[in-house]
Amino acid sequence: MKIFVTGATGFIGSSIVDELLRRGHAVVGLARSDASATKLQAKGAQAHRGSIYDAASIVPVLNEVDGVIHAAFNHDFSTYAQNCLDDGVLLERMAESLRGSGKPLIATSGTTVIAPGHLATEDQPADPAIPRSASERFLRFHEFGVRTGSVRLPPSVHGEGDTAFVPAAIALARRAGVSAYIGDGANRWPAVHRDDAARLFCDVVERGEAGHCFNAVQDEGIPFRVLAEAIGKGLGVPVRSLAPEKAAEHFGWFARFAAADVPASSRLTRERLSWSPRENTLLFDLDSLPSYFDLSVKALSI
Ligand SMILES: NC(=O)c1ccc[n+]([C@@H]2O[C@H](COP(=O)([O-])OP(=O)(O)OC[C@H]3O[C@@H](n4cnc5c(N)ncnc54)[C@H](OP(=O)(O)O)[C@@H]3O)[C@@H](O)[C@H]2O)c1
């Protein structure tokens, strides 16, 4: 197949491109700069210049490919809710232009589109009150001849090159001189390695059933206290419990993530696609990848 990949130069998208090429597919990657185009061409992919903020730059290429994986996203968290809405609009534009084609259009969403506090499963519909649910509205186009699908990622997608929430929590703990968790730290975070996530995207674009969501989850829920302990060990700083009323002062905007109890299952995904994770776990990576504790890594800022 010839697959158009947005976010093809990102942490997860670049792994998706590598896996597609390994499977013998042709790849056209969205590039918003010369540097990104060069990176894609060096791998043997084709680069298509455009932006997620200019649907007209994207829609024409959809006629030339057999399927789409959309993994680009604007990670400026100061405009997060708007970024989610924009993502939803772009997906609906792409779905509209693929109407009747039977082609797969696979989006990226999060396991946290399900309200917290219980095990999130693939068949639970996204809660419309949660901003990232906008990335799943286009799924309804499966009724109009598009093989829509969504890969829900857990809050930690880890591996070499990770600069997201876990590195951000590490940077905060380094600055504060303490690795903290809230209350008893029993709240759970799911996780997956980026290469396992990438294999799932490829499985879904090849043979995912239309209109479905798939959970890229290896660890269903690591207690946040256990994560804080691994961070404390890696940095050599003490690990402490914080009273909930002190959480915002310590964690800033990250407090609601540090407090979130968002376990997620991938049982249905494993059954439906025979996918199973085979890479290292998050705790193993934290223990074995020096880059997690490398001062030069520029993480999301808290
Ligand atoms: N990483 C995680 O732990 C995690 C967890 C849950 C969900 N997710 C989701 O997974 C998806 C991929 O995340 P990631 O970690 O791979 O992100 P990333 O490393 O920040 O990569 C973002 C990608 O989007 C591209 N992009 C951003 N703005 C663009 C624009 N205006 N036009 C065209 N391309 C643009 C970037 O292009 P350039 O290379 O040119 O900058 C890059 O390829 C996102 O939907 C993200 O929200 C990630």
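1. Let's start with contacts that reach across the sequence. In this predicted model, take the contacts in the protein chain with a separation of 6 or more: 78% of them join residues 24 or more positions apart. One pair to look up is Glu-96 and Phe-141, which sit 45 residues apart in sequence but have C-alpha atoms 7.7 Å apart in space.

2. Next, the overall build. You should be able to pick out 10 helices and 12 strands in the protein chain. Along the principal axes, the C-alpha atoms fill a box of roughly 55 × 40 × 35 Å. The radius of gyration is 19 Å, which agrees with the value near 19 Å for a compact globule of 302 residues. As for burial, 46% of the 302 residues count as buried.

3. Now the domains, and mind how they are written. Domain 1 is made of 2-156 + 191-217, while domain 2 is made of 159-190 + 220-264 + 279-293. Their centres, taken over C-alpha atoms, are 27 Å apart. Where the two touch, 17 residues come from domain 1 and 18 residues from domain 2.

4. Which elements each supply at least two residues of the side of domain 1 that touches domain 2? They are strand S9 (188-193) and helix H5 (194-207). H5 gives the most, with 3 residues. Sorted by class, the residues on this side of domain 1 come out as 8 nonpolar, 6 polar and 3 charged.

5. Have a look at the core too. The largest nonpolar core has 80 residues, and the members that touch the most others are Val-5, Ile-16, Ile-69, Ile-106, Ala-197 and Phe-201. Where does this core lie relative to domain 1 and domain 2? Both domains give residues to it, so the core lies between them.

6. Ile-106 is a good residue to click on. Skip its neighbours within four places in sequence, and Ile-106 is in contact with Val-68, Ile-69, His-70, Gly-149, Val-151, Phe-201, Val-204, Val-205 and Gly-208. Two of those partners, Ile-69 and Phe-201, are also among the core members listed for touching the most others.

7. On to the ligand. There are 26 residues around it, and those that come nearest are Thr-9, Gly-10, Ile-12, Ala-72 and Phe-73. Helix H1 (11-22), strand S5 (104-110) and strand S7 (156-158) are the elements that give two or more residues to this shell. H1 gives the most, with 3 residues. What is the mix of classes in the shell around the ligand? It has 13 nonpolar, 12 polar and 1 charged residues.

8. Back to Glu-96, which you met in the opening point. Glu-96 belongs to helix H3 (residues 80-98). Is it buried or exposed? Somewhere in between: Glu-96 has 14 other C-beta atoms within 10 Å, so it is partly exposed. The cut-offs help here, because 20 or more would make a residue buried and 12 or fewer would make it exposed.

9. Last, a backbone detail. Most residues other than glycine have a negative phi. Ser-274 has a phi near 55°, a positive value in a residue other than glycine. Look for Ser-274 in the loop between helix H9 (267-273) and helix H10 (282-288). Why does Ser-274 count as exposed? Because it has 9 C-beta neighbours inside 10 Å, and 12 or fewer is the cut-off for exposed.

Note on methods:
Residues numbered from 1 in each chain as written. Predicted model: local features only at pLDDT ≥ 70, side-chain atom pairs only at ≥ 80, totals over all residues. Domains from an automatic or database assignment. Contact = placed C-beta atoms within 7 Å. Helix = DSSP H or I, 4+ residues; strand = E, 2+ residues; numbered from the N terminus. Nonpolar A, V, L, I, M, F, W, Y, C, P; charged D, E, K, R; others polar. Near = placed C-beta within 6 Å. Rg over C-alpha atoms; globule rule 2.2 N^0.38 Å. Core = buried A, V, L, I, M, F, W, Y, C linked by C-beta atoms within 7 Å.
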